[in-house]
Amino acid sequence: MTRYLLTRAGQAVLVLWAAFTASYVLLQLLPGDSILIKFQNPELGLSPQQIADIRAYYSGGSPVGEYLRTLTGFLTGGFGYSIDTGTPVVERLGEALPETARLASAAFALAVLLAVVIAFVASYSRTSWLRGALLSVPSLFISVPAFWLGILLIQVFSFRLRLVPVIGGGELQQLVLPVLTLAVPISAPIAQVLARGIDQVYAQPFVPVIAAKGATRWWILWRHVARNAVLPTLTVAGLTFGELIAGSVVTETVFGRNGIGRLTEQAVTAQDTPVMLAVVVLAAAVFVLVNLVVDVLFPVLDPRLKAAS
């Protein structure tokens with residue numbers, strides 16, 4: 001088990017390093033000049049030498065030296081300074097992260113709840129048309145663009161029904177529509193995999209044996225089938241949770257929330273490469289950490305995997 005954990009942790013470190021390296025190289029190859037965008041403004045009154053000094057501060061030295069300096073800074077928790085605001089990138093992330101964390105956690109919980117309800121009701125239902133309708137819901141959810149869904153929810157629940165205010169209101173009211181916008185698309189793959197896993201487990205020989213002993217259909221589904229079908233669902237759930245930061249870019253922009261998504265949109269507009277690099281590494285770290293937890297849970301939930309590891 002120790003060897004299994006060390007192997008997974010080593011793979012996680014390699015993925016993080018690869019994500020950092022690829023992001024760093026791609027950001028350096030982007031067209032445009034963030035220094036000129038920010039500082040070559042006649043109102044600032046900066047001379048060409050002052051602009052050159054600023055450029056040397058942000059990107060002085062050889063490319064390899066800059067890469068190693070930036071990598072060392074990330075390893076020690078120093079993400080550098082924002083070109084757009086001049087403040088430490090860590091401070092900007094610290095201000096934006098709590099908003100996105102609340103949104104992502106609530107959206108993931110709601111997505112899992114929607115997926116479980118759809119998959120269980122579809123599997124328990126004896127009506128073929130109801131089962132077919134429920135199983136077609138995930139395909140509908142996954143095909144809905146997040147920005148369109150967000151605008152539709154604002155139009156219906158804020159402007160038409162006046163149930164949820166767009167501006168003002170409490171923290172819970174401000175979370176309702178963004179959470180729905182983010183949760184609906186990510187619930188689709190979880191529901192699809194869970195429903196398919198339940199169908200596969202139902203086809204196993206032990207299910208008729210349990211039914212012959214007098215177990216109810218609901219008991220079989222909840223106690224035996226769902227437990228065996230949850231493993232592939234965990235993998236998909238980990239992948240979707242890792243994608244929540246990327247999905248929050250559109251959602252937070254639509255609803256005007258000051259989180260990681262809004263910070264990313266501002267950094268892309270200003271070509272603020274230190275902030276963009278930090279956001280990419282943060283998203284990769286969340287993705288890797290969640291999937292590492294899923295990998296650790298697999299042997300715990302399935303004794304066969306524990307024996308093999």
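A nonpolar surface patch, as the word is used here, is made of residues with over 30% relative accessible area and no salt bridge, whose nonpolar side chains are joined within 5 Å. With that in hand, let us walk through this structure, which is a predicted model.

**The surface patch**

Phe 147, Trp 148, Ile 151, Leu 152, Val 156, Leu 161, Leu 163 and Val 250 together make a nonpolar patch of about 730 Å² on the surface. Helix α7, spanning residues 146-160, provides the largest share of this patch, with five residues. One residue that lies in helix α7 is Ile 151.

**The nonpolar cores**

Turning to the interior, the largest nonpolar core holds 19 residues, and Phe 20, Leu 93 and Leu 277 have the most contacts inside it. Five helices each supply at least two residues of this core: α1 (2-28), α4 (63-75), α5 (89-124), α12 (260-270) and α13 (273-301). The helix that gives the most is α13, with six residues.

Leu 93 is a good place to zoom in. Setting aside residues up to four places away in sequence, Leu 93 touches Phe 79, Ile 260, Leu 263, Ala 278, Val 279 and Leu 282. There is also a second, separate core of 17 residues, and Ala 115, Val 184, Ala 191 and Val 193 are included in it.

**Two helices worth a look**

Helix α1 has 27 residues, and the distance from its first C-alpha to its last is 39 Å, close to the 39 Å expected at 1.5 Å a residue. Its buried residues are Tyr 4, Ala 12, Phe 20, Thr 21, Ser 23, Tyr 24 and Leu 27. Phe 20 therefore appears in two lists, as a buried residue of α1 and among the residues with the most contacts in the largest core.

In helix α13 you will find Asn 291. Is Asn 291 buried or exposed? Its relative accessible area is 15%, and because buried means under 20%, Asn 291 counts as buried. Apart from neighbours within four places in sequence, Asn 291 is in contact with Thr 235, Gly 238 and Leu 239.

**Salt bridges**

Across the whole structure, a search finds six salt bridges. Three of them are set out here, with their N to O distances.

| Acidic residue | Basic residue | N to O distance |
|---|---|---|
| Glu 66 | Arg 69 | 2.7 Å |
| Glu 99 | Arg 257 | 2.6 Å |
| Glu 265 | Arg 262 | 3.9 Å |

Glu 66 and Arg 69 are three residues apart in helix α4, so about one helical turn separates them. Glu 66 is buried, at 10% relative accessible area, while Arg 69 is partly exposed at 47%.

Glu 265 and Arg 262 are likewise three residues apart, in helix α12, which means that about one helical turn lies between them. Here Glu 265 is partly exposed, with a relative accessible area of 31%, and Arg 262 is partly exposed as well, at 24%.

The bridge between Glu 99 and Arg 257 links distant parts of the chain: Glu 99 sits in helix α5, Arg 257 sits in the loop between α11 (244-255) and α12, and the two are 158 residues apart. Arg 257 is buried, with 7% relative accessible area. Which residues are linked in a network of salt bridges? They are Glu 99, Arg 102 and Arg 257.

Notes:
Residues are numbered from 1 along each chain as its sequence is written. This is a predicted model: local features need pLDDT of at least 70, side-chain atom pairs count only at pLDDT 80 or more; totals for chains, interfaces and linings use all residues. Side-chain values use heavy atoms; hydrogens and water are left out. A nonpolar core is a set of buried Ala, Val, Leu, Ile, Met, Phe, Trp, Tyr and Cys residues joined through side-chain atoms within 4.5 Å. Buried means under 20% relative accessible area, exposed over 50%, partly exposed in between (1.4 Å probe, protein chains only). Helices (H or I, at least four residues) and strands (E, at least two) are DSSP runs, numbered from the N terminus. Contact means heavy atoms within 4.5 Å. Patches are made of residues with over 30% relative accessible area and no salt bridge: like charges are joined within 9 Å, nonpolar side chains (Val, Leu, Ile, Met, Phe, Trp, Tyr) within 5 Å. Accessible areas come from the Shrake-Rupley method with a 1.4 Å probe; for residues, only the protein chains shown count as cover. A salt bridge is a side-chain nitrogen of Lys or Arg within 4 Å of a carboxyl oxygen of Asp or Glu. The expected span of a helix is 1.5 Å times one less than its number of residues.
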